[in-house]
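The exercises below go with the structure shown next. Each one sets a task and then works through the solution.

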Amino acid sequence: MNEVIRALKERRSIRSYRTEQVREEDLQQILEAATYAPSGMGAQPVVLVAVQDPATIARLSQLNAAVMGTKTDPFYGAPTVVVLADQSRSTWLEDGSLAMGNLMLAAHALGLGSCWVHRAREVFAGAEGQALLRQWGIQGKYAGVAHCLLGYPDGPLPEPKPRREHRIYRR
């Protein structure tokens, strides 16, 4: 089977990570892969922020949990990459989503786990999220697309759910 198709079929969302930080060379390859995601009219409006500082990750986790209405850690203790996109582009959400797909597939290809966590839009629309963007030197009309958790899985990959029937139609 083609290795790309195999990766598409085998990648799973990981919700348990080892404590070790992602190796720099792996992180660089994953981030670079995300920059090759397609974007509307080739505009490349996606900005990636690799957050590895434990205090910042903890604060982002708290902000995300508050949006969700819980106190649990929605990041499962993993390092995280925040995906942002320029809202002035009409395809900002789609472009950011494609970058997320590339992040997750690249992570899988390198033996890392990943997980898409929602609520980045709400986190970065708030005052604290906006303050973080300013602190990071990100200016413009950027919105959170998602938080992409990255790390080394702590345990085996989850089994895939059976594929639902009647999802493909040919005419």
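A disulfide is counted here when two cysteine sulfur atoms lie within 2.5 Å of each other. The model is predicted.

**Exercise 1. Cysteines**

Task: Find how many disulfides the structure holds, and decide why C115 is or is not in one.

Solution.
- Step 1. Locate the closest cysteine sulfur to that of C115: it belongs to C148, at 8.3 Å.
- Step 2. Compare with the cut-off: a pair must be within 2.5 Å, so 8.3 Å is too far for a bond between C115 and C148.
- Step 3. Take the other side: C148 is in no disulfide, and its nearest cysteine sulfur is that of C115.
- Step 4. Give the total: the structure holds zero disulfides.
- Step 5. Add the surroundings: C115 is buried, at 2% relative accessibility, and C148 is buried too, with a relative accessible area of 0%.

**Exercise 2. Salt bridges**

Task: State how many salt bridges the count comes to, and describe the one that E10 forms.

Solution.
- Step 1. Apply the cut-off: a side-chain nitrogen of Lys or Arg must be within 4 Å of a carboxyl oxygen of Asp or Glu. By this rule the count comes to five salt bridges.
- Step 2. Find the partner of E10: it is R6, with the closest N and O atoms 4.0 Å apart.
- Step 3. Place the pair: E10 and R6 both lie in helix 1, residues 3-10. They are four residues apart, about one turn of the helix.
- Step 4. Check the exposure: E10 is partly exposed at 40% relative accessibility, and R6 is partly exposed with a relative accessible area of 35%.

**Exercise 3. Two further pairs**

Task: Work out which residue E20 pairs with, and which network includes R23.

Solution.
- Step 1. For E20, the salt bridge partner is R18, and the closest N and O atoms are 3.0 Å apart.
- Step 2. Read the exposure of this pair: E20 has a relative accessible area of 35% and is partly exposed, while R18 is partly exposed at 36%.
- Step 3. For R23, the side chain meets that of E25 in a salt bridge, at 3.7 Å from N to O.
- Step 4. Extend to the network: salt bridges with shared partners join R23, E25 and D26.
- Step 5. Read the exposure here: R23 is partly exposed with a relative accessible area of 40%, and E25 is partly exposed at 48%.

**Exercise 4. Surface charge**

Task: Name the residues that gather in a patch of positive charge on the surface, and say where R167 is found.

Solution.
- Step 1. List the members: R15, K161, R163, R164 and R167.
- Step 2. Place R167: this residue is in the segment after strand 4, which spans 142-151.
- Step 3. Classify R167: exposed means over 50% relative accessible area, and R167 has 51%, so R167 is exposed.

**Exercise 5. Positive phi**

Task: Give the phi of R119 and of H166, and locate both residues.

Solution.
- Step 1. R119 is not a glycine, yet its phi is positive, about 80°.
- Step 2. R119 sits in the loop between strand 3 (113-117) and helix 5 (120-125).
- Step 3. H166, also a residue other than glycine, has a positive phi near 60°.
- Step 4. H166 lies in the segment after strand 4. With a relative accessible area of 65%, H166 is exposed.

Key
Residues are numbered from 1 along each chain as its sequence is written. This is a predicted model: local features need pLDDT of at least 70, side-chain atom pairs count only at pLDDT 80 or more; totals for chains, interfaces and linings use all residues. Side-chain values use heavy atoms; hydrogens and water are left out. Patches are made of residues with over 30% relative accessible area and no salt bridge: like charges are joined within 9 Å, nonpolar side chains (Val, Leu, Ile, Met, Phe, Trp, Tyr) within 5 Å. Accessible areas come from the Shrake-Rupley method with a 1.4 Å probe; for residues, only the protein chains shown count as cover. Lys and Arg count as positive and Asp and Glu as negative; His and the chain ends are not counted. The place of a charge is taken as NZ of Lys, CZ of Arg, CG of Asp or CD of Glu. Helices (H or I, at least four residues) and strands (E, at least two) are DSSP runs, numbered from the N terminus. Buried means under 20% relative accessible area, exposed over 50%, partly exposed in between (1.4 Å probe, protein chains only).
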